[in-house]
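Colleague: I am new to this structure and would be grateful for a close look at a single part of it. Please choose the part where helices pack together, and set it in the context of the whole chain.

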Amino acid sequence: MTTTLADSDVTLPVLDDAGRAALFTEARTANTFSDTPVSDETLAAVWELAKWPPTAANTQPLRVTFVRTEEGKQRLLPLLSEGNRAKTEAAPAVAILAADLDFHEFVPKTFPARAEMKETFEASGREGREQMARFNSTLQIGYFLLAARPRAGHRPDGRLRPRGRHDGVLPRRPRAGAARRQPGPPGRGRLVPAPAPPGPLGRRHLRVSAGAP
Ligand SMILES: Cc1cc2nc3c(=O)[nH]c(=O)nc-3n(C[C@H](O)[C@H](O)[C@H](O)COP(=O)(O)O)c2cc1C
């Protein structure tokens, strides 16, 4: 729902130093994993946060599948780049992040003010919806990372790994089609995203992230 703040007495909270640290300045991308099980509650809590930030027309095309069983991981591992397999196998829980090309089915529920947009998306066909699904699910992946990262990036003893002292970087020798570092400002390469590979998860899903969580 859209609220005009000038006409309301709503006061939005400001992110304090602890919040800024947890979300941005002290958050880390985990690159090694302990075998401590991750509970249903923890996985649900990540999604409960990640689902709130905005998408175009509130379409919310991201679909998340959590994999925890050995059988599920063995099906998943061959689909990953070689450099991501060992750490993914070691992780107690893996999130597959995919986009639903039939997201429009839910528009009357997620965007009731413009429920007729369901028919507009229907008419544009799967190819027409793909760009919308890809763009907005990628946004949602960013939200998902922000929700998940404060729960990761710690040593097994719970202490934060110091910034710059971990190897959470893209593989040095990217495989064909992987993101490539391009010349950019000193000290920071510019990443050129690779085209997404064909989805291994069936026609309903478009694989949007090749990275391990
Ligand atoms: C879209 C995306 C794809 C990524 N792919 C991989 C990957 O394939 N393998 C990997 O080890 N890390 C991957 N990463 C992790 C990044 O290298 C990491 O977030 C970055 O180096 C920043 O690390 P920091 O958050 O600890 O500062 C990926 C991150 C993003 C956002």
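Modeller: The answer below begins with the chain as a whole and then turns to the chosen part and its surroundings.

This is a predicted model, in which local features need pLDDT of at least 70 and side-chain atom pairs count only at pLDDT 80 or more, while totals for chains, interfaces and linings use all residues. Residues are numbered from 1 along each chain as its sequence is written. pLDDT is the predictor's confidence in each residue, from 0 to 100. Its mean over the chain is 77, and 68% of the residues reach 70 or more. Over residues 164-213, however, pLDDT stays under 50. Where pLDDT is low, the predicted coordinates should not be read in detail.

The chain comprises 6 helices and 5 strands, where helices (H or I, at least four residues) and strands (E, at least two) are DSSP runs, numbered from the N terminus. From that terminus on, their order is α-α-β-α-α-β-α-α-β-β-β. Two residues are in contact if their C-beta atoms, placed from the backbone, lie within 7 Å. Among contacts between residues at least 6 apart in sequence, 71% join residues at least 24 apart.

The part chosen is the packing of α2 against α6. The two helices pack at an angle of about 130°, with their axes 8 Å apart; axes are lines fitted to C-alpha atoms, for helices over the stretch in contact, and angles run from 0 to 180 degrees between N-to-C directions. α2 and α6 are therefore oblique to each other, since angles under 35 degrees count as roughly parallel, over 145 as roughly antiparallel, 65 to 115 as roughly perpendicular and the rest as oblique. α2 passes α6 in a right-handed crossing, that is, with the near helix turned clockwise from the far one by less than a right angle. On the α2 side the contact is made by V46, L49 and A50, and on the α6 side by Q140, Y143, F144, A147 and A148.

Two of these residues, V46 and F144, are also among those with the most contacts inside the largest nonpolar core, which has 16 residues. A nonpolar core is a set of buried Ala, Val, Leu, Ile, Met, Phe, Trp, Tyr and Cys residues joined through C-beta atoms within 7 Å. α2 (40-50), β2 (94-100) and α6 (117-148) each supply at least two residues of this core. A residue is buried if 20 or more other C-beta atoms lie within 10 Å of its own, exposed if 12 or fewer, and partly exposed in between, with C-beta atoms placed from the backbone. Of the 213 residues of the chain, 14% count as buried.

The loop between α2 and β1 (62-67) holds N58 and also Q60. Most residues other than glycine have a negative phi. N58, although not a glycine, has a positive phi of about 55°, and Q60, likewise not a glycine, has one of about 45°. N58 counts as partly exposed because it has 17 C-beta neighbours inside 10 Å, whereas Q60 counts as buried because it has 22.

H104 is found in the loop between β2 and α5 (107-110). H104 is buried, with 24 other C-beta atoms within 10 Å. Leaving aside residues up to four places away in sequence, H104 touches K118, F121, E122 and R129. H104 and P61 lie 43 residues apart in sequence and 8.5 Å apart in space, C-alpha to C-alpha.
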